[in-house]
Each structure stands twice: as C-alpha cells, then as structure tokens.
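User: I would like to go through this model by way of questions, with the reasoning given before each result. Please begin once the structure is shown.

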Amino acid sequence: MRGPLALIALAAPLALTACGDPAPTYIDQAWIRLSPNKDRPSAGYFVAHGGDSATQLRGVLTDYALKVEMHESVEENGVMTMKPINSVDIPAEGTVTFAPGGKHLMLWGVNDTAISRGKMQLTFLLDNGDRLLVDAVIRKPEGAAAATPAPSDNSAN
C-alpha cells in the first residue's frame, strides 16, 4: 500500500505543472526616438511577444504625450509613405516588431518631464481587455549631443 501512495506523491508535482497559467503576451525593447523638432512627432519602437493564444494590439496610450498613433511604412508606386493602422495581430508564440522602416508609433508633444527622466510609460491595449504597462527608454535625436560643446579640460594650463 505504501508503494502506490509514494508514487502518487511523486507524480503530483509533475501533473500540476501541466495545469499552470497560460503564457502571457508581453512587450519589451521599447524605446522612443525624439524628433529634433518639437513640432514634429517622435517615433516609438518595441517588440510584442505572443503568449499561448493569439491576440491583437488595439492601441497605445501614454500620459507623457499629447497623442499616440500606430503607423506602418509602406511602398506605393515606388514611394515610401506612412499610414495609420488601427490594430496589429500578435500571433500565438510569435513576435511582431515595431522598428524603423516598418511598423512604429508616432508620438506628438512628448512631455518635457519624460524627456528629463529619460523614459516614459506606455500602456498597450489588447483586444482581450488586457493593458500592458511598459517603460520606454527615450533616446535624444542623433546629433543632439554634438550641438552641445564638450566641456574643455583646462587642467593642463
């Protein structure tokens, strides 16, 4: 009698691991490239990772910009243009990359507080009602550092 009970006790943890929660959808590698002109929108990028079931990204919100839209760069008649998109499918166990030259966020009026902190929180809205909160690193425009003169070293004088 003791043998079967011991076998059940040993098998129980293995059986319970099969009953775990499904893998969630998540977002990582989020970053914002600031526009060099405050009157022009900045761009946002990230990678969406699908969980055990497919879902759809329906939008992105933030308190640190006046407006956020999802866009996609497409070629029409040999010319690259940007078009707003309302949703993006995230396949089960797949990835969708928002990157320069492809899908991306457009952010108008990025808040100075977020810029000084070097990050901003984005809220990703999924079709199942989930909201994913992600901090995006803010990168200043290329050449912004070059516009500020480097401190001189007068210690040799």
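User: Is Glu 72 buried, partly exposed or exposed, and what is its relative accessibility?

Analyst: This is a predicted model. A residue counts as buried under 20% relative accessible area and as exposed over 50%. Glu 72 falls in between, so Glu 72 is partly exposed, at 25%.

User: Which side chain meets that of Glu 72 in a salt bridge?

Analyst: The N to O distance of this salt bridge is 3.2 Å, and the cut-off is 4 Å. The pair links distant parts of the chain, 31 residues apart, with Glu 72 in strand E4 (residues 67-76) and its partner in strand E8 (residues 103-108). The partner is partly exposed, with a relative accessible area of 24%. The side chain that meets Glu 72 is that of Lys 103.

User: Which residue forms a salt bridge with Asp 112?

Analyst: The closest N and O atoms of the two residues are 2.6 Å apart. Asp 112 lies in helix H2 (residues 112-117) and the partner in the loop between strand E1 (26-33) and strand E2 (42-49), so the pair ties together parts that are 74 residues apart in sequence. Asp 112 is exposed, and so is the partner. That partner is Lys 38.

User: Which residue does Lys 119 meet in a salt bridge, and how many salt bridges are there by this rule?

Analyst: The side chains of Lys 119 and Asp 135 meet at 3.7 Å, N to O. This pair links strand E9 with strand E10 (residues 131-139), the two residues being 16 apart. Lys 119 is partly exposed at 42%, and Asp 135 is partly exposed at 44%. The partner is thus Asp 135, and the count of salt bridges comes to five.

User: How many bridges join E9 to E10?

Analyst: E9 and E10 form a hairpin with four residues between them, and Gly 129 in the turn has a positive phi of about 95°. Within this pairing, Thr 123 stands opposite Leu 133 in E10. The two strands run antiparallel, and the number of bridges is seven.

User: In which sense do E1 and E10 pair, parallel or antiparallel?

Analyst: Ile 32 stands opposite Ile 138 in E10. Three bridges join E1 and E10, and the sense of the pairing is parallel.

User: Which residues make up the covered face of E10?

Analyst: In a regular strand the side chains alternate between the two faces of the sheet. In E10 the uncovered face holds Arg 131, Leu 133, Asp 135, Val 137 and Arg 139. The covered face consists of Leu 132, Val 134, Ala 136 and Ile 138.

User: Where does Leu 125 lie, and is it buried or exposed?

Analyst: Leu 125 lies in strand E9 (residues 119-126). Its C-alpha atom is separated by 6.0 Å from that of Val 60, 65 residues apart along the chain. Contacts of Leu 125 beyond four places in sequence include Leu 57, Leu 61 and Arg 131. With a relative accessible area of 19%, against a cut-off of 20%, Leu 125 is buried.

User: Which backbone nitrogen does the side chain of Thr 25 reach?

Analyst: Thr 25 lies in the loop between helix H1 (2-17) and E1, and at 13% relative accessibility Thr 25 counts as buried. Beyond four places in sequence, Thr 25 touches residues including His 49, Ile 90, Leu 126 and Leu 132. The side chain reaches a backbone nitrogen at 3.4 Å, that of Gly 51.

User: How many aromatic pairs are there, and is the pair of Trp 31 and Tyr 45 stacked, tilted or edge-to-face?

Analyst: By this rule the count comes to three aromatic pairs. The ring centres of Trp 31 and Tyr 45 are 4.6 Å apart. Trp 31 lies in strand E1 and Tyr 45 in strand E2, and both residues are buried. The planes stand at 40°, so the pair is tilted.

User: What is the geometry of the pair formed by Phe 46 and Phe 124?

Analyst: The ring centres of Phe 46 and Phe 124 are 4.7 Å apart, with 70° between the planes. Phe 46 lies in strand E2 and Phe 124 in strand E9, so the pair ties together parts that are 78 residues apart in sequence. Phe 46 is buried at 1% and Phe 124 at 0%. An angle over 60 degrees is the mark of this geometry, and the pair is edge-to-face.

Technical notes
Residues numbered from 1 in each chain as written. Predicted model: local features only at pLDDT ≥ 70, side-chain atom pairs only at ≥ 80, totals over all residues. Heavy atoms only, no water. Buried < 20%, exposed > 50% of the residue type's maximum accessible area, 1.4 Å probe, protein only. Contact = heavy atoms within 4.5 Å. Polar contact = N/O pair within 3.5 Å; in protein donor to acceptor, adjacent residues only side chain to side chain. Pairing = 2+ DSSP bridges. Phe/Tyr/Trp six-rings, centres within 6.5 Å; stacked < 30°, edge-to-face > 60°.
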